[in-house]
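Open your viewer and get your selection tool ready. We will take a short walk through one structure, stop by stop.

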Amino acid sequence: MMEKFDAIVVGAGLAGLASAYTLANEGMEVLVLERGDYPGAKNVTGGRLYVNPVRELFPDIWKKAPLERFIASEGVCMMAGERSVSINYAGNELLEEPYQSFSILRARFDRWLAKQAERKGAMLVDKSRVDDLIFEDGKVIGVRAAGDELHANVVIACDGVLSFIAEKAGLRRKVEAPNYAVGYKEIIELDPSQIEDRFGLEGNEGSARMYMGEVTKGKFGGGFLYTNKSSISLGIVIGIKDLMEEKPSIEAPVLLDEFKQRREIAGLIKGGETVEYSAHVIPEGGYKALNKLYGDGILVAGDAAGLAMNIGVTVRGMEYALASGYYAAQTVLQAKEKEDFSAAALSHYQTQMESSFILQDFKNFQEAPQVLENPRFFNHYPEMLGNIMKDIYEVPAGSKNRLYPTIKQYMAFSELWAMLGDMRKVMKI
Amino acid sequence: MSEAIGLKAKLGLDVFKHDKEAHIKIKDGMQKDPRLKRAILVCPAGLYSENEQGEVELTIDGCLECGTCLIACGTEVLEWHYPSGGTGVQFRFG
């Protein structure tokens, strides 16, 4: 008889590795198939990982995990055409262990996490693309990869945002451009001491910054900057629907080049050497755009399920990937006890996801995608804020206007009315 | 001021392993489809361009496998697969 695994995991990203790690830890026979040369070879993040939501799910890994810098300061920059206004948040709470979030490079982290899963007994095969699912009486019973047929009780689709596996299982929602963004970035190498000097950091402290407005020419999205140990991740996330529209017509690579040349950025990356350019689609449709999470003999986790979320101040996906992988594994363990891998048995995954922070977050923030679509956030407000600051700070040759009337001139009735409308929508987040 | 490096040079920094066959193809007869023009704007690697006949062309070398063209243009105009195992872009940082 052909060897049959307890589970076959498609894709060695965070969801896949989290489920393989969890399953192998419980003695299950689990096979991970990864199409890249090594785990992480195809994986991209902005990026930053928030550890709190997943710390207890993998208690043993955080001490040695190859994370970059813990984020000790958070910046938001409203970028207008000619000027910008920044807010920086630093706080003692960000300096206290356990640290809330870390910058991260996926090729490094994923490869390490795969090692941990292998140490627990998971089997990992790289350079292996899964081409198809194998069905029997409508139930998923395995996968086809490079001509080989591999069988398992459960297939866990962790093949990322484009999830061809979930699609083949009929679990994927129709693709609509408004539900997706693209992130692309450069890794710019700099001496650690230069990074620390430029960002006012000490030791392993790191900085995270977001940029709104001119960086995307008013289109839905923004720029980001994270400091790694000896590099800076600098990039843009932008809604694909806005990007493909021709008002204004601008090519994605141009946006990043112009962003890099802004004064606010140029000084930070000066002398740095770009060593990699990467890009990836991000699911951003929120709760309403999630794919179906389970079927007969199959579970879907991470980006494959649509589990990433943009709520303006944070863009998160990696914690959801790790946690959904964990819950998928828990579901396989429970199904194994009863030797029942039907959709009904695997619906346990849905239940666990509902009662976890994952789907609670997605429900809490289900209005966010519609609210944030508002073009005023990406054009009007950054410009207005910049203009107000310009007028407040300007000292002319003659007498200076009073501050209140200076600000009030921007607050015509129509503007106040529009702001109130925006505010009421923002209150839904 | 840091130099703006060209897109080609930027892609040249990445590690690519050649696949026997192009993993993304423009479907026959779709070269002039308006949906395909979106790819010119959205591709972060700038791999799509329009020729003098108004047809969209794709150069697959330098593909970051991000999936943006697939989302923007759809499967009616693009045949889209991941490259075979162990080929395509191999990120060293990600």
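The tour below starts with a whole chain, moves to an interface and a pocket, and ends at a single residue. Keep in mind as you go that this is a predicted model.

**Stop 1: chain B on its own**

Select chain B and show it as a cartoon. You should find three helices and six strands. Trace the chain along its sequence, and the pattern reads α-β-β-α-β-β-α-β-β. If you draw a box along the principal axes, the C-alpha atoms of chain B fill roughly 40 × 35 × 20 Å.

How much of chain B is buried? Of its 94 residues, 50% are buried. Now think about contacts between residues at least 6 apart in the sequence of chain B: 65% of them join residues at least 24 apart.

**Stop 2: where chain B meets chain A**

Next, bring chain A back into view. Here 54 residues of chain A are in contact with 40 residues of chain B. The two chains bury an area of about 4,100 Å² between them, and carbon and sulfur atoms give 59% of that area. Highlight B:Leu41, B:Tyr82 and B:Phe93: these three supply 21% of the area that chain B buries against chain A, more than any other three residues.

Which charged pair can you look at here? Select B:Glu65 and A:Lys42, which form a salt bridge. Their closest N and O atoms are 3.0 Å apart. Across this interface there are six salt bridges.

**Stop 3: the second largest pocket**

Now select A:Pro178, A:Phe220, A:Lys241, A:Asp242 and A:Glu373. Of the 23 residues that line the second largest pocket, these lie nearest its centre. The pocket holds about 450 Å³ of space.

Which helix gives the most to this lining? Colour helix 5 of chain A, which contributes three residues. Helix 5 (240-244) and helix 12 (368-372) of chain A each supply at least two lining residues. By type, the lining divides into eight nonpolar, seven polar and eight charged residues.

**Stop 4: a single residue, A:Gln352**

Finally, zoom in on A:Gln352, which sits in helix 10 (residues 348-355) of chain A. Is A:Gln352 buried or exposed? A:Gln352 has a relative accessible area of 17%, so A:Gln352 counts as buried, the cut-off being under 20%. Show the residues around A:Gln352 as sticks: setting aside neighbours within four places in sequence, A:Gln352 is in contact with A:Tyr327, A:Gln330 and A:Thr331.

Note on methods:
Residues are numbered from 1 along each chain as its sequence is written. Chains are lettered from A and ligands numbered from 1 in the order in which they are written. This is a predicted model: local features need pLDDT of at least 70, side-chain atom pairs count only at pLDDT 80 or more; totals for chains, interfaces and linings use all residues. Side-chain values use heavy atoms; hydrogens and water are left out. Helices (H or I, at least four residues) and strands (E, at least two) are DSSP runs, numbered from the N terminus. Buried means under 20% relative accessible area, exposed over 50%, partly exposed in between (1.4 Å probe, protein chains only). Contact means heavy atoms within 4.5 Å. On a 1 Å grid over the protein atoms alone, a cavity is a set of points where a 1.4 Å probe fits but cannot get out, and a pocket is an open set with protein on both sides within 12 Å along at least five of seven lines; lining residues have an atom within 4 Å of a point. Grid points are joined across faces, edges and corners, and a volume is the space filled by probe spheres set on the points. Ala, Val, Leu, Ile, Met, Phe, Trp, Tyr, Cys and Pro count as nonpolar, Asp, Glu, Lys and Arg as charged, and the others, Gly among them, as polar. Buried area is the accessible area (1.4 Å probe) that two parts lose on being put together, summed over both. A salt bridge is a side-chain nitrogen of Lys or Arg within 4 Å of a carboxyl oxygen of Asp or Glu.
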